[in-house]
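This note is addressed to a reader who is meeting the structure for the first time. Please read the points below with the sequence and the model in view.

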Amino acid sequence: MTKVNFEAFLNTHGQLLTAIDGLSEEQTTWKPKPESWSVLEVLTHLVDHSIVISFRIRDILAGTEARLPAFNQDAWVSGQYANAGKVSDVLQAFHALLLYNSLLLNRLDTADLEKTGVNAKGETVSIKQIVEGFTNHVQRHLGQIDRIKQAAGLAISKS
């Protein structure tokens with residue numbers, strides 16, 4: 001039986017809120033090195049990734065046979081001057097996309113979740129795998145946020 005873990009998918013927003021709780025705007029834009037991402041840039045990347053998976057899911061459902069698009073994450077983050085944005089705006093966009101995608105995903109049946117497309121690497125991926133991959137991707141970036149905070153001496157205890 002194919003089911004998507006909607007709870008884990010939807011919980012990503014709350015996890016991001018917890019990860020940045022107590023950080024000032026200045027702390028969210030701090031970078032360990034010029035070529036590294038700040039917390040705000042990580043959050044912006046996750047919105048970008050949400051946009052991309054939104055397209056990929058819909059393209060698969062439409063039956064398009066074109067390869068699912070990749071994106072140059074570093075160029076997207078730097079090209080949109082992500083560090084000049086606001087965390088609240090980025091998190092609002094992330095949450096809106098998360099909710100919008102969850103509305104679609106809740107309408108899909110098992111057969112829809114198993115529909116596939118070919119990604120930029122030439123791998124066949126299902127909608128279920130895309131959603132699970134996104135959830136796992138957010139988890140990796142939560143770890144990155146923790147590492148940025150530690151590098152800045154901002155480790156906040158989880159009490």
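The numbered points that follow concern the annotated domain, two helix pairs and a pocket.

1. The model is predicted. The UniProt record, an unreviewed entry, carries the annotation "domain: DinB-like" for residues 12-145. In the model this span is 66% helix and 4% strand, and its end C-alpha atoms lie 13 Å apart.

2. One helix pair consists of H1 (residues 6-20) and H5 (residues 87-107), whose axes come within 10 Å and cross at roughly 170 degrees. Angles over 145 degrees count as roughly antiparallel, and H1 and H5 are therefore described in that way.

3. On the H1 side of this contact are Phe 6, Phe 9, Leu 10, Thr 12, His 13, Leu 16, Leu 17 and Ile 20. The H5 side includes Val 87, Leu 91, Phe 94, His 95, Leu 98 and Leu 99. By class, the contact of H1 with H5 has 12 nonpolar and six polar residues, with no charged residues.

4. A further pair is formed by H3 (residues 39-61) and H7 (residues 127-151), which pack at an angle of about 175 degrees with their axes 11 Å apart. That angle makes H3 roughly antiparallel to H7. Among the contact residues of H3 are Val 39, Leu 46, His 49, Ile 53 and Arg 56, while those of H7 include Ile 130, Phe 134, His 137, His 141 and Ile 148. The contact of H3 with H7 divides into 15 nonpolar, six polar and one charged residue.

5. The largest pocket holds about 470 Å³ of space. Of the 19 residues that line it, the closest to its centre are His 49, Arg 56, Asn 119, Lys 121 and Glu 123. His 49 and Arg 56 also belong to the H3 side of the contact with H7.

6. Which elements give two or more residues to the lining of the largest pocket? They are H3 and H7. The largest share, seven residues, comes from H7. By class, the lining has seven nonpolar, eight polar and four charged residues.

Notes:
Residues are numbered from 1 along each chain as its sequence is written. This is a predicted model: local features need pLDDT of at least 70, side-chain atom pairs count only at pLDDT 80 or more; totals for chains, interfaces and linings use all residues. Side-chain values use heavy atoms; hydrogens and water are left out. Axes are lines fitted to C-alpha atoms, for helices over the stretch in contact, and angles run from 0 to 180 degrees between N-to-C directions. Angles under 35 degrees count as roughly parallel, over 145 as roughly antiparallel, 65 to 115 as roughly perpendicular and the rest as oblique. Contact means heavy atoms within 4.5 Å. Ala, Val, Leu, Ile, Met, Phe, Trp, Tyr, Cys and Pro count as nonpolar, Asp, Glu, Lys and Arg as charged, and the others, Gly among them, as polar. On a 1 Å grid over the protein atoms alone, a cavity is a set of points where a 1.4 Å probe fits but cannot get out, and a pocket is an open set with protein on both sides within 12 Å along at least five of seven lines; lining residues have an atom within 4 Å of a point. Grid points are joined across faces, edges and corners, and a volume is the space filled by probe spheres set on the points. UniProt positions are given in the numbering used here, feature names are shortened, and annotations may be inferred rather than shown by experiment.
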